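Let's take a walk through a protein structure together. Keep the picture open as you read, and turn it around whenever a new part is named.

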Amino acid sequence: MVWVASDKGRLAVAFDFRRSVHRWTTTTNHKEIGILYFITSMFFGAVGAMLAELMRVQLSVPSNTVLSASLYNEFVTMHGLVMILWFLSPLGIALMNYFVPLQIGAPDLAFPRLNAVSYWMYLFSGVLAIGGLFLPGGGPNGGWTVYQPLNTSVYSPGVGISLVFLGLAMLAASVTIGSINFLVTIAHERAPGMTISKIPMFTWFATFTLILMLLAFPPLLAALVMLMSDRLLGTVIFVSVAGGAILWTNLFWFFGHPEVYIVLLPAFGAIAEILPVFAGRDLEGRRLIVLATGLMVIPLSMLVWQHHMFITGINLAELATFSVTTIIISIPFDIIVLSFILTTLGGVKLNTPMLWAYGAIVLFIIGGISGVFLSSFVLDVVFRGSYFVVAHFHYVMVGATIFGLVAGVYYWLPKITGKMYSEKLGLLHFAISFIGFNITYAPMFLLIDMPRRIVTYSASTGWGTLNYISSVGAIIFGGAQLIFVANLLYTHYGGFPSIPNPWHSLSPEWGKSGLLRSVGSAADGSYGPSESEAIEAKHTSHRPLEVSIGVAVTLVGLATSPYLAGKAVIVVGLVFLVYALLRWARDNMGDKFSLGETFGDKFPFAGVGRIKLGMWIFIASDILLFGSLIGSTLFIRENSAIAGVVWPAIGNVHDVTTGAISTVALLASSFTMVRAVMSQKAGEQRHYMIWLGSTFALGLAFLLTEASEWYSLYLRGIWFNTSLPNGLYFLLTGVHASHVTAGLVMMVYLMVRAVRKPGPEGSKSIANFALYWDFVDIVWVFLFPLFYLV
Amino acid sequence: MAVTPPTVAIWTSVFDVYLVLGTLVGIVVISVLTYSVFTKPKVKAEVGPKRSLERRKKIRAVILTLITISILTTVELDTFSATSLVTVPSDPANSMTIQVVGQQFFWTFIYPNGYAQVGNLTIPVGETIVLNITSKDVFHSFAIQQLDVAKDAIPGRYNQLWLEVPTPSQYSIICKELCGVGHAFMTAELYAVNASTFNAWYGSLQTKGG
């Protein structure tokens with residue numbers, strides 16, 4: 001942008017600005033969204049880093065009083081949450097957005113608007129989370145692990161805390177939408193010739209990351225739903241001593257451990273791209289790395305969570321099991337690291353990306369070996385909750401992850417900007433970061449006796465010197481990141497134009513492969529899309545931003561719902577959300593934003609439509625959500641005797657007949673839905689409308705029966721907050737009823753669409769919707785016996 | 001007379017194996033990586049036909065994996081040899097069970113005779129002490145880092161740990177799980193005293209009726 005002194009120039013600048021805002025708020029282009037993700041994650045990273053620097057200042061000398069205990073606890077909590085969920089993971093997603101479609105030759109993601117929704121939900125979830133710090137009561141102060149019952153409203157009241165947790169739930173939604181979108185893209189949108197064996201390594205690691213996201217986030221969402229129900233609706237799931245505290249640790253770590261790999265794997269993907277290029281030879285053990293990650297890391301990462309609970313009093317058999325699974329999961333990582341090292345044997349070209357990749361591997365080796373120490377349930381007695389653990393996971397999550405992702409950023413910067421960064425600044429950035437990092441975190445390995453998350457310590461502990469060194473290191477390490485910012489700005493504003501493929505990489509995103517479609521794969525070296533302007537104009541939409549604003553406002557209202565104004569905000573948010581969704585539906589009716597449905601001709605999803613595949617993946621994540629909720633109910637019930645809670649006898653609270661009527665209604669609606677799908681296939685418009693209408697009527701009947709039961713219970717004085725069993729009943733049936741309601745809304749949409757567009761074209765989505773409806777019915781088949789029959 | 005408390009002896013014996021092997025592996029692997037990264041790249045003269053080269057690579061991979069697995073097995077067996085640290089002996093002779101209750105932000109110790117004391121735990125030397133740990137409010141974690149013992153204090157649950165102190169001495173008790181604003185100051189002191197001193201003190205409590 002050039003400032004010109006004339007009026008005309010100023011006008012042009014103003015016009016430019018408006019166009020720019022319009023472009024970035026309506027874009028659905030994967031490259032542009034990648035850049036938005038990158039900038040936003042850098043912002044949140046800066047916020048998290050500031051919190052860390054302040055904590056290091058507080059800890060630099062004994063008995064320091066820079067931060068109060070409550071402020072320190074808020075910082076320690078928000079630092080963890082922001083860094084892991086709003087910085088590291090989204091930084092990986094930024095690179096995935098930009099490069100996964102390029103690597104597989106896809107024109108864009110499978111659902112470009114949903115990609116924009118993911119981004120805006122991510123942005124606003126972060127705004128909510130940071131905003132929570134400034135509301136009355138401040139932000140959460142119970143650690144990023146949000147242990148219970150400390151974070152229930154009994155011990156931590158305050159709307160700010162609620163807002164942060166709702167922001168977290170919103171992020172979980174964003175991540176789930178994003179992982180569905182990416183998985184469909186990778187499975188479905190690969191260019192002809194991009195067979196599974198040719199998929200580049202970064203895309204492989206992205207795929208594994210996405211699968212883990214899909215598996216890990218639903219349990220977190222379920223845990224947050226229950227926590228918010230405790231905080232806002234008065235249930236006592238985590239407040240009660242009936243296993244609530246242990247339930248949370250299980251759910252949280254079931255999410256939390258895979259989350260570590262979610263953060264780490266994109267960095268490994270970048271390293272696996274960089275090493276062969278700078279070593280000038282193939283990546284050693286390429287197939288072995290893919291197999292080890294896919295077949296060992298993914299399943300095992302779901303089976304190690306209790307190593308975070310070694311001192312919670314689990315029995316010896318569990319200790320042994322989880323220690324062994326943890327030690328086994330280090331084998332695939334050994335394979336990966338050894339393959340990386342073998343690739344470098346014989347020397348490499350030492351440019352900035354390679355140096356950062358080297359740093360990442362060294363730090364991962366240290367972090368990984370210290371992780372083996374932590375797999376021992378004997379050693380963990382002391383390490384658990386100590387600074388040894390802090391050192392360990394910072395070596396993995398800051399060392400390996402950030403160094404690896406920064407390597408990726410430098411490596412791909414010429415592709416993104418079309419310009420070359422400053423090599424001198426890059427080397428300086430690495431040298432100071434690497435030294436600063438080790439000065440910061442190596443001393444923590446020696447602070448074995450010092451517990452984490454303490455605001456201060458007395459001089460008599462003897463921890464002062466090591467803490468002081470660490471704090472000095474933190475300032476060096478943090479300061480070095482200013483060089484990164486300087487280098488990025490230099491590249492953008494003053495960098496020399498780069499040749500299209502400066503590293504002579506053979507990877508498809510550099511446009512060297514003849515395999516790919518011309519669209520989106522040219523080494524154009526511009527931020528912008530490579531498609532023609534005409535196509536691009538059709539691929540912009542205001543709806544993703546509007547929908548996300550609607551959700552964010554509603555959540556602000558929910559968090560502040562203890563106040564009257566908060567309830568009003570909920571209404572405003574919901575009205576806006578409905579408006580945005582209606583406009584979205586209208587866009588669809590008018591084919592304003594249309595993508596040709598391409599059938600995947602790629603193994604193993606040959607012949608499965610894009611939307612159908614997306615629906616299946618969504619259902620998989622929803623199964624985990626309900627599975628977590630139902631499993632939690634069973635766990636609480638199993639432990640209820642401790643709290644002296646008696647589960648109501650059959651027929652005592654919940655009338656079996658009423659339950660049976662609603663069950664029959666819902667099951668019948670599955671039958672009518674099948675008939676609707678069959679009529680659509682046969683092209684019988686009238687029958688289609690009749691069967692779809694009957695399904696709607698039966699669904700509505702179910703919902704009304706449910707509502708009448710809720711109302712009669714309410715009249716009897718039974719509500720969310722009256723007892724543990726009652727609260728669980730209302731919460732689970734409520735979550736299910738919201739799914740039914742969403743289904744009814746979608747049926748209205750399908751009926752309107754069929755009226756407007758008679759014929760198979762207007763009703764083709766029914767088969768995809770039927771999957772959802774059947775799933776919702778099946779969930780009830782589990783809920784009915786759970787609350788009515790046993 | 002052993003001066004090292006048995007829990008410390010067990011923990012340290014396990015730690016030493018991990019430390020030696022871990023340091024060794026770390027140094028070797030990082031050295032190899034650093035050497036190869038900081039040597040100028042040269043075109044590798046790969047001698048022999050491609051098939052034998054592939055075979056050599058495969059053998060190399062198998063050997064490296066076997067080395068990895070044997071090191072991991074060694075340390076895991078090392079851990080399994082020390083389960084006595086985390087399992088509480090069932091009703092050991094010469095032992096005393098004391099109940100520990102964590103709450104925001106102090107520890108209460110309840111002796112078999114019902115006497116409750118806040119902030120310091122007095123025990124006799126040379127005796128196996130079993131602590132029965134729970135919490136009155138939120139999730140805490142009871143830890144004596146210098147004695148290498150810790151267990152979470154969880155509302156509604158009782159967790160046991162054992163310890164034994166051979167000589168009169170003093171240790172700090174801390175909370176290892178963030179439990180609120182006073183977490184850093186939720187400390188207590190463990191005093192191990194001679195059996196005769198302990199008995200005299202404990203006996204005097206009973207006359208006070210707890």
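We will start with how to read the model, then look at chain A, its core, its domains and its partner.

This is a predicted model, in which local features need pLDDT of at least 70 and side-chain atom pairs count only at pLDDT 80 or more, while totals for chains, interfaces and linings use all residues. Residues are numbered from 1 along each chain as its sequence is written, and chains are lettered from A and ligands numbered from 1 in the order in which they are written.

How confident is the predictor in chain A? The score to look at is pLDDT, the predictor's confidence in each residue, from 0 to 100. Its mean over chain A is 91, and 93% of the residues of chain A reach 70 or more. Among the elements of chain A, helix α13 (residues 423-446) has the highest mean pLDDT, 98, and helix α15 (residues 533-538) the lowest, 49. Two stretches of chain A stay under 50: residues 1-6 and residues 512-535. Where pLDDT is low, the predicted coordinates should not be read in detail.

Now for the overall build. Chain A has 23 helices and 2 strands (DSSP runs numbered from the N terminus, with H or I over at least four residues for a helix and E over at least two for a strand). The radius of gyration of chain A, taken over C-alpha atoms, is 27 Å, close to the 28 Å that the globule rule (2.2 Å times the number of residues to the power 0.38) gives for 790 residues, so chain A is as compact as a globular protein of that length. Along the principal axes, its C-alpha atoms fill a box of roughly 75 × 70 × 60 Å.

Look inside next. Of the 790 residues of chain A, 55% count as buried. A residue is buried if 20 or more other C-beta atoms, placed from the backbone, lie within 10 Å of its own, exposed if 12 or fewer do, and partly exposed in between. A nonpolar core is a set of buried Ala, Val, Leu, Ile, Met, Phe, Trp, Tyr and Cys residues joined through C-beta atoms within 7 Å. The largest such core has 299 residues, and Leu224(A), Ile271(A), Ala360(A), Ile361(A) and Ala407(A) have the most contacts inside it. Helix α7 (residues 244-279) of chain A gives the most to this core, with 24 residues. Leaving aside neighbours within four places in sequence, Ala407(A) is in contact (C-beta atoms, placed from the backbone, within 7 Å) with residues including Ala270(A), Ile271(A) and Ala360(A).

Which domains make up chain A? The assignment, which is automatic or from a database, gives domain 1 (52-63 + 76-509) and domain 2 (646-790). Their centres, taken over C-alpha atoms, are separated by 39 Å. In chain A, 10 residues of domain 1 are in contact with 7 residues of domain 2.

Finally, meet the partner. 63 residues of chain A are in contact with 58 residues of chain B. α9(A) gives the most to the side of chain A that touches chain B, with 12 residues. By class, this side has 40 nonpolar, 18 polar and 5 charged residues; Ala, Val, Leu, Ile, Met, Phe, Trp, Tyr, Cys and Pro count as nonpolar, Asp, Glu, Lys and Arg as charged, and the others, Gly among them, as polar. Chain B is itself divided into domain 1 (6-85) and domain 2 (95-208), with C-alpha centres 41 Å apart.
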